Amino acid sequence: MDRRGFLGGMTGLAGLRLPAWAVGLAKRCMDGQLTELDQLWKHPERIFTTRGMTPDLWQLDCLRSREDLLLNCSRQVGKSELTASIALLNVLLQPPALILILSPSDRQSVELLKAKFMPLYEPWENLCPLTKNNEYSKE
């Protein structure tokens, strides 16, 4: 069977069909045509390194995890940067992604959006431009 026929009928576990983005990724991988965004699947730390930051090992483990996370961390260890980078990975790799930033106050949510998410997003904005941009929302 040729590659095209194989990928067209590609299924996941239990006979579930793969989403179109996953089939497209598999095709680009097999053809050796991975894009800069495709590389993030294997190297999610590039979200940090493109901004000149080096993630701690625990942050890298969290970035690579595909499970829900519950973190119990001290102050000033990089939880906000990690949260912003996970949100950004979802925005870049699985569009259109709905990301909710919830905090006890509007100020905290806006601060995470403006001070953490947006600086991480800047190097990638030409690959995934925002359609709506105001103080409280980014689309």
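**Exercise 1. Classify Leu100 as buried or exposed, and place it in the chain.**

Step 1. Take the relative accessibility of Leu100: 62%. The classes are buried (under 20% relative accessible area), exposed (over 50%) and partly exposed (in between), with a 1.4 Å probe and protein chains only. Leu100 therefore counts as exposed.

Step 2. Leu100 sits in the loop between α6 (79–93) and α7 (106–121). Helices are DSSP runs (H or I, at least four residues), numbered from the N terminus.

A note on the source: this is a predicted model, where local features need pLDDT of at least 70, side-chain atom pairs count only at pLDDT 80 or more, and totals for chains, interfaces and linings use all residues. Residues are numbered from 1 along each chain as its sequence is written, and side-chain values use heavy atoms, with hydrogens and water left out.

**Exercise 2. Find how many disulfides there are, and explain the result for Cys62.**

Step 1. A disulfide is a covalent bond between the sulfur atoms of two cysteines. The test is a pair of cysteine sulfur atoms within 2.5 Å.

Step 2. For Cys62, the closest cysteine sulfur belongs to Cys73, 7.2 Å away. That is too far for a bond.

Step 3. The count by this rule is zero. Cys62 is buried, at 9% relative accessible area.

**Exercise 3. Describe the largest nonpolar core and the contacts of Leu89.**

Step 1. A nonpolar core is a set of buried Ala, Val, Leu, Ile, Met, Phe, Trp, Tyr and Cys residues joined through side-chain atoms within 4.5 Å. The largest one has 21 residues. Among those touching the most other members are Leu89, Phe117 and Trp124.

Step 2. At least two residues each come from α3 (36–42), α4 (46–49), α5 (57–64), α6 and α7. The largest share, eight residues, is from α6.

Step 3. Set aside neighbours of Leu89 within four places in sequence. Leu89 is then in contact (heavy atoms within 4.5 Å) with Leu40, Pro44, Ile47, Leu63 and Gln94.

**Exercise 4. Say which parts the salt bridge between Glu122 and Arg51 ties together.**

Step 1. A salt bridge needs a side-chain nitrogen of Lys or Arg within 4 Å of a carboxyl oxygen of Asp or Glu. The whole structure has six.

Step 2. In the pair Glu122 and Arg51, the closest N and O atoms are 3.6 Å apart. Glu122 lies in the segment after α7 and Arg51 in the loop between α4 and α5, so the bridge ties parts 71 residues apart in sequence.

Step 3. Glu122 is partly exposed at 43%. Arg51 is also partly exposed, at 37%.
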